[in-house]
Amino acid sequence: MDFKQTLYKRLAKYAGVDTKSDEAAKTYPSSKGQLVLGRMLAAELKTIGVKNVKLDKYGYVTGTIAATAKGKTPVIGFLAHLDTAPDASGKNVKPRLHKKYAGGNIHISKKLGVILTPKDCPELLKCKGQDLVTASGDTLLGADNKAGLAIIMTAAEHLIKHREIKHGAIRIAFTPDEEVGRGVKYFNVKKFGADVAYTFDGDVAGTIEEETFNADGVKIDIKGKSVHPGTAKDALANAARIAADIVAAWPENRLPETTEKRDGFIMFTDIKAEIEKAGISGIVREHDLGKLKKLEKHLEAIVAEKRVKYPLAEIKLEFKEQYRNMGRVMAKHPGAMANLVAAVKKAGLAPHIKPVRGGTDGARLSFMGLPTPNVFTGGYNYHGRYEWISLDGMNKSAEVLLNLVQEWANPKN
Ligand SMILES: [Zn+2]
């Protein structure tokens, strides 16, 4: 099946709407462009024959494709987000098509000196001979996650045209504000009515994700004691220096900049300090919950040591749960990944199951009762000017979606 041309047209059309989300906005969605694209998508869903299409006041676009299979089959949801990252401009995005990538450097913009090289991005070499899309130098491309929108739309159109493909009921949702961490804030899981769902928001072809970090926040408050420095001996507790001492005591091999893959870390994100008081904020991240607790115990031990070292100061330490690894939910719904793995294999790819070093909307949805693994779209280098996506990868992603609905309609489930 070759949807490449259709996928490219859709990606280019959606990329043309500036949907950059805005962390500081008080509105939902956080930017007007998202509603503009939402209206466009709702109209297009209706045109291709999706039923029950709705765009609500929060900017969620939803729709239904009726079952073609007889008997009871689970309802499957497909999701993609329509905003782009605040990290780079999303205005006047002009996609550039680089046909049959030969393996060298790609000049995204000669004028601006934006050159994509296999040295900086080895994933490129897996896409030799494929058609790649980039932006043109001063914006991101927005394939994260407009490729997901294009893939779901194109696969939906194919399913509606080919009623002979047997599948259960399908629910579609395009959601705002994923990039500012509020993607599913008002999402009504019950109303959506799916038994299992998939976000099409991953990277290079073959990659699927069922795990995220476990995430806690950490806060350390230090109360010092100010005394004139001339008479400070054995009487001063300098909160600012104690804060620095605690941060410096954390092992260097347990930081985001020194870890990868399955290694967890603590990152200190903010220190506000003076002599009388200091506050340290940070984040704790680990795929394994037991190991997360160990990292926290380690920090507790450091703080306990500093309490002994600085008896005149008062040091408080507090952890707060942020989100949990969705792998825990997925373990209770083995079909979600089993069918996905089968669908990827049927598309002729080797499934690469990778733990996400972060959170996803799917993780939040999973804990809201809707198990939601993440599927590749074929792109990479998201959130900046070097973003690229393979049309061949997008095509495979659409194929995976089509295989997936058939896997779920298969009586073995
Ligand atoms: Zn994304």
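Arg-262 pairs up with Glu-211 in a salt bridge, their closest N and O atoms sitting 2.6 Å apart; the term covers a Lys or Arg side-chain nitrogen within 4 Å of an Asp or Glu carboxyl oxygen. The model is a predicted one, with local features needing pLDDT of at least 70, side-chain atom pairs counting only at pLDDT 80 or more, and totals for chains, interfaces and linings using all residues. Numbering runs from 1 along each chain as its sequence is written, and side-chain values use heavy atoms, with hydrogens and water left out.

As for the domains, the assignment, which is automatic or from a database, gives domain 1 as 4-211 + 325-409 and domain 2 as 214-323. Their C-alpha centres lie 38 Å apart. Contact (heavy atoms within 4.5 Å) takes in 9 residues from domain 1 and 10 from domain 2.

The two domains bury about 830 Å² between them, 43% of it on carbon and sulfur atoms; this is the accessible area (1.4 Å probe) lost on putting the two parts together, summed over both. On the domain 1 side, Asn-325, Pro-355 and Arg-357 supply 60% of the area buried against domain 2, more than any other three residues. Across the interface, the rule finds 1 salt bridge.

Then there is the zinc ion. Its protein donors (N, O and S atoms within 2.8 Å of the metal, or 3.2 Å for Na, K and Ca; water is not among the atoms, so sites may look incomplete) are His-81 through NE2, Asp-144 through OD, and Asp-201 through OD twice, at 1.9 to 2.6 Å. Along the chain, the donors follow the spacing H-x62-D-x56-D.
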